[in-house]
Amino acid sequence: MLDISNTTWDLSNQSVLQPLWDYLQQNHESSLRSPLFPVILSVSMYLVLVFFYTVLDLLAPTWPSIRRYQIHQDRTVTWSNIGSTLALTTYNHLLYIFPAAVAQWLWRPPIPLPREAPTLTAFLLGIVGCTVVFDFQYYLWHLLHHRVGWLYRTFHALHHQYRQTFSLVTQYLSAWELFSVGFWTTVDPLLLQCHCLTAWAFMLFNIWVSTEDHCGYDFPWAMHRLVPFGLWGGALRHDAHHQLPGTNFAPFFAHWDWLGGTATMPAPVKTKKRDDKEA
């Protein structure tokens, strides 16, 4: 005799993500278990995003339909801007990120994968929780590196060479800053005991919103327009931080800057220079 009550119970407790997780394990388990996988996933996501925004930057001068969404509509991202930011990004990844990833691959055994996927609730709450924790960590780190002159000059000033942001400025960073961000992105899901699928999703979400913050565009689908009550910072507020470096330190949410008295939301500033890099 078929036990309908048990069948119903099993279906109600099965994660909607389980079919996806089963497919990934059955077809890509060796890749998912590799310590190199998170690095390749992150770098691939970042390259796709910056490629998209860079194409927009190159088309914007002759396409009014794109230009209208630029925060600084008289700004032109030049090939020189693209080359210098891409060169540093490539240098950091070749000299620091990939060697560290290969070292993990050589010295750390492949990680075991849980057989069950997270519930949808745990998956979403895990991403939100990691985002909130990361936001607080980076707010304190960022504030400290602006208030202590030696830290700013030694580590963070490089990022502020560009007062008007575009996507490749996202990782125009010192190695110390790049490792700090990567460390928190990796450790926060472990602290919150997230499923590895949640950790990877948070990693991709972090890269997406970080790149959007620096993209230099205010699109109708931007995160700060989707999150209500002005709780999300977004591209406009982060662009304001590059214009006024004593403001808007939090990377994602707006509440820490409100509480700390460092929040600002000036109108977009138009500049006359076509190359926006400052020496």
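The second largest pocket of this predicted model has a volume of about 220 Å³. Its lining comprises 13 residues, and those closest to the pocket centre are Leu-24, Phe-37, Leu-41, Leu-197 and Trp-200. Helices α2 (18–33), α3 and α9 each supply at least two residues of this lining. The largest share comes from α2, which contributes five residues. By residue class, the lining of the second largest pocket divides into 11 nonpolar and two polar residues, with no charged residue.

The largest pocket has a volume of about 1,300 Å³. A total of 48 residues line the largest pocket, and Gly-182, Phe-183, Thr-185, Thr-186 and Met-203 lie nearest its centre. Two or more lining residues are given by each of α3 (37–59), α5 (79–107), α6 (120–147), α8 (175–191) and α9 (196–214). Of the contributing elements, α8 gives the most to this lining, with 11 residues. The lining of the largest pocket consists of 29 nonpolar, 16 polar and three charged residues. Helices α3 and α9 thus appear among the elements giving two or more residues to the largest pocket, and both also supply at least two residues to the second largest pocket.

Two individual residues were examined, beginning with Ile-97. Ile-97 is located in helix α5, an element that gives two or more residues to the lining of the largest pocket. The relative accessible area of Ile-97 is 17%; the residue is therefore classed as buried, the cut-off being under 20%. When neighbours within four places in sequence are left aside, Ile-97 is in contact with Val-39, Asn-92 and Leu-178. Of these contacts, Leu-178 is separated from Ile-97 by 81 residues in sequence, while the C-alpha to C-alpha distance for the pair is 8.9 Å.

The second residue, Asp-239, is found in helix α11, which spans residues 234–243. Asp-239 is buried yet has no salt bridge. The nearest side chain of opposite charge belongs to Arg-75, at 6.0 Å from Asp-239. This separation is outside the salt-bridge criterion, because a side-chain nitrogen of Lys or Arg must lie within 4 Å of a carboxyl oxygen of Asp or Glu. Residues up to four places away in sequence not being counted, Asp-239 touches Ile-71, His-72, Arg-163, Gln-164 and Thr-165.

Conventions. Residues numbered from 1 in each chain as written. Predicted model: local features only at pLDDT ≥ 70, side-chain atom pairs only at ≥ 80, totals over all residues. Heavy atoms only, no water. Helix = DSSP H or I, 4+ residues; strand = E, 2+ residues; numbered from the N terminus. Buried < 20%, exposed > 50% of the residue type's maximum accessible area, 1.4 Å probe, protein only. Lys, Arg positive; Asp, Glu negative; His and termini not counted. Contact = heavy atoms within 4.5 Å. 1 Å grid on protein atoms, 1.4 Å probe; cavity = no way out; pocket = protein on both sides within 12 Å on 5 of 7 lines; lining within 4 Å. Points joined across faces, edges and corners; volume = space filled by probe spheres on them. Nonpolar A, V, L, I, M, F, W, Y, C, P; charged D, E, K, R; others polar.
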